[in-house]
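Open the model in your viewer and keep the selection panel at hand. The tour goes stop by stop.

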Amino acid sequence: MNLMKKGSDYMNLQSIYDHSPIFFQNIMTSVKGYQLKRTRYGKYYYEHLQLLKQLHTYTENQLQEYQFEELMKLLRYVKNNSKFYHELYKDIDIEKFSSVKDIKFLPIVTKEMLRKNIEKVITIPKKGAVADHTGGTTGKSLTVYNRVQDIQKRMAVLDFFKLKHGFENIKMKRATFMGKHIVPPMQKKKVFWRFNRPINQMLYSSFHLTEENIPYYISSLNDFKPDAIDGFVSSIYEIASYIKRKGIELKFQPKVVFPTSETVTKDYRDTIEKVFNCKVRDQYASSEGAPFVWECSYGNLHYDITTGVIENIEDSNEILVTSFLAYGTPLIRYKIGDSMIFDDSNKRCKCGFNTPLIKSIEGRKIDFLYSTKGAKINLGNISNIFKNIPNTIIKAQLIQDSLEHIIVKIMVDKDFLPKHKDLLADEIKHKFGNDMKVDIKIVNDIPREKSGKYRIIINKVDQNPNFNEKNERMNL
Ligand SMILES: [Zn+2]
């Protein structure tokens, strides 16, 4: 009942927004921004920022002690406040734990376990909690409920990371490319952005980035002159690649680009860094509330042990996460579906934050296709395919529907020649096997996902056909 009401309120609000003039949409965006600001940047946010300043001066031992204390605090909390974990740990004496390593005595938790038992997992009333929906791209979604203080602490960690790269959130100007529908479907004006005044943020739509529209985006960026650009890296890349191809001059230089949500390929990074003349600094943290991994000014990926525990599942790169910033829906040894490779455990970074380092984030399960022999070819490898083709392909998407068949959609410019098609097919066969059937289709546009993300690859080999059908219907 409650949900229904909320749904229709939302629809009304969306409908009012859609039928308003752009200046009023900007006001509505700022009102919403003001509400979010109150949730995200309050007392806990500022307290945690202060604590972070200290934590970043800690020695390795002090950090490890802090991590263990935080772990014990979390375990005691869930034993008392989560029916699910209380039952799960009933035969385990957590008080005997003497270091973070003892976490391995606890059972692994899967997304399915959380989904089935979510009412027992959560430790707070849903009313007043901040709900977050996750996992759309892998199919099964999970709604997690957060305490306001955890949301604020997470914002503090994120902003502290940005601060280390010279960007002060709220004070400085930020351009964000995201998947929210800020441009009504019937809008004719070429204005694909709205201003969120309370946090000094220009929101750009990811859904309207076509060759025809990109110049308008660039001129808006040139007027706004953001200090940082963040959001979907595929969107930022599209703009960068257009600027590069057309040799356009930028009238601003951001301090840094912060990608989110999508895997940053080498090509994405190189192009964006060159065009915007600044560094791309990546970070990993999921909306479920996983611990943070973030890139410092030395270009190293820090496993931020003040935010949780990350372990590899034995003999694999797949990770389990335990979060210190998700008390509402606790995640302990949670099989999140991502993979990471740890660096040498003795290696420390010169930047002064004495945490272990991550060699690479291997990306999500959806980030690979199969060779005809069943070997996984990851996104980084796949984006390399286009390196050896003359620069005539604007955009591409590979859709694998069986082990022996790949459809390649490409958007091309006027210099594209038929022989480039053969070159591309050849490159793909080299990577995926000579017996791979490759269908190359030249298209006018490659649409984004409902979420606003752009997918270079779509792996349909593993997917259940029923699920696909349902998903497609929802997309209509
Ligand atoms: Zn560092």
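Select residues 464-476. This is a predicted model, and over this stretch pLDDT stays under 50. The model gives residues 464-476 6 contacts beyond four places in sequence.

Now colour the protein chain by pLDDT. The average is 87, and 91% of the residues score at least 70. Then select residues 1-7, where the pLDDT is below 50. Beyond near neighbours in sequence, residues 1-7 have 0 contacts in the model.

**Stop: the sheet of 4 strands**

Select strand 18 (residues 393-402), strand 19 (405-412), strand 20 (437-442) and strand 21 (457-459). They form an open sheet in the order 20-19-18-21, with mixed pairing. Which strands stand at the edges? Strand 20 and strand 21 do, and each has a single partner strand, so one side of each is left without a neighbour in the sheet. Look along the sheet: neighbouring strands are turned by 15° against each other on average, direction ignored.

Zoom in on strand 18 and strand 21. They run parallel, joined by 3 bridges. Label Gln400 and Asn459: Gln400 stands opposite Asn459, which belongs to strand 21.

Add helix 12 (residues 418-432), which packs on this sheet. Helix 12 touches strand 18, strand 19 and strand 20. Its direction makes about 145° with that of strand 20.

**Stop: the largest cavity**

Stay with strand 18 and add helix 9 (233-246). Each of these two elements supplies at least two residues of the lining of the largest cavity. Which element gives the most? Helix 9 does, with 4 residues.

Rolling a probe the size of a water molecule over the atoms shows where empty space is left. Here the count comes to 1 cavity of 30 Å³ or more. About 80 Å³ of space lies in the largest cavity.

Show the lining as sticks. Select Leu209, Thr210, Glu211, Ile214, Tyr237, Glu238, Ser241, Arg245, Ile394, Lys395 and Met411. Colour them by class: the lining has 5 nonpolar, 2 polar and 4 charged residues.

**Stop: the sheet of 6 strands**

Move to the other sheet on this tour. This open sheet has 6 strands in the order 4-5-3-6-7-8, with mixed pairing. Select strand 4 (193-196) and strand 8 (279-280), the edge strands. Each of them pairs on one side only.

Next, select strand 5 (residues 201-205) alongside strand 4. Their pairing is antiparallel and covers 4 bridges. Label Asn196 and Gln201: Asn196 stands opposite Gln201 in strand 5.

Add helix 2 (residues 22-40). Helix 2 packs on the sheet and touches strand 4 and strand 5. The direction of helix 2 makes about 45° with that of strand 4.

**Stop: the second largest pocket**

Select Val100, Lys101, Tyr303, Val309 and Ile310 and centre the view on them. Among the 24 residues that line the second largest pocket, these lie nearest its centre. The volume of this pocket is about 690 Å³.

Which elements give two or more residues to the lining? They are helix 4 (60-81) and strand 12 (308-312). The largest share, 4 residues, comes from strand 12.

Finish by colouring this lining by class. The second largest pocket has 11 nonpolar, 6 polar and 7 charged residues in its lining.

Conventions. Residues numbered from 1 in each chain as written. Predicted model: local features only at pLDDT ≥ 70, side-chain atom pairs only at ≥ 80, totals over all residues. Heavy atoms only, no water. Pairing = 2+ DSSP bridges. Axes fitted to C-alpha atoms, helices over the stretch in contact; angles between N-to-C directions. Contact = heavy atoms within 4.5 Å. 1 Å grid on protein atoms, 1.4 Å probe; cavity = no way out; pocket = protein on both sides within 12 Å on 5 of 7 lines; lining within 4 Å. Points joined across faces, edges and corners; volume = space filled by probe spheres on them. Nonpolar A, V, L, I, M, F, W, Y, C, P; charged D, E, K, R; others polar. pLDDT = per-residue confidence, 0-100.
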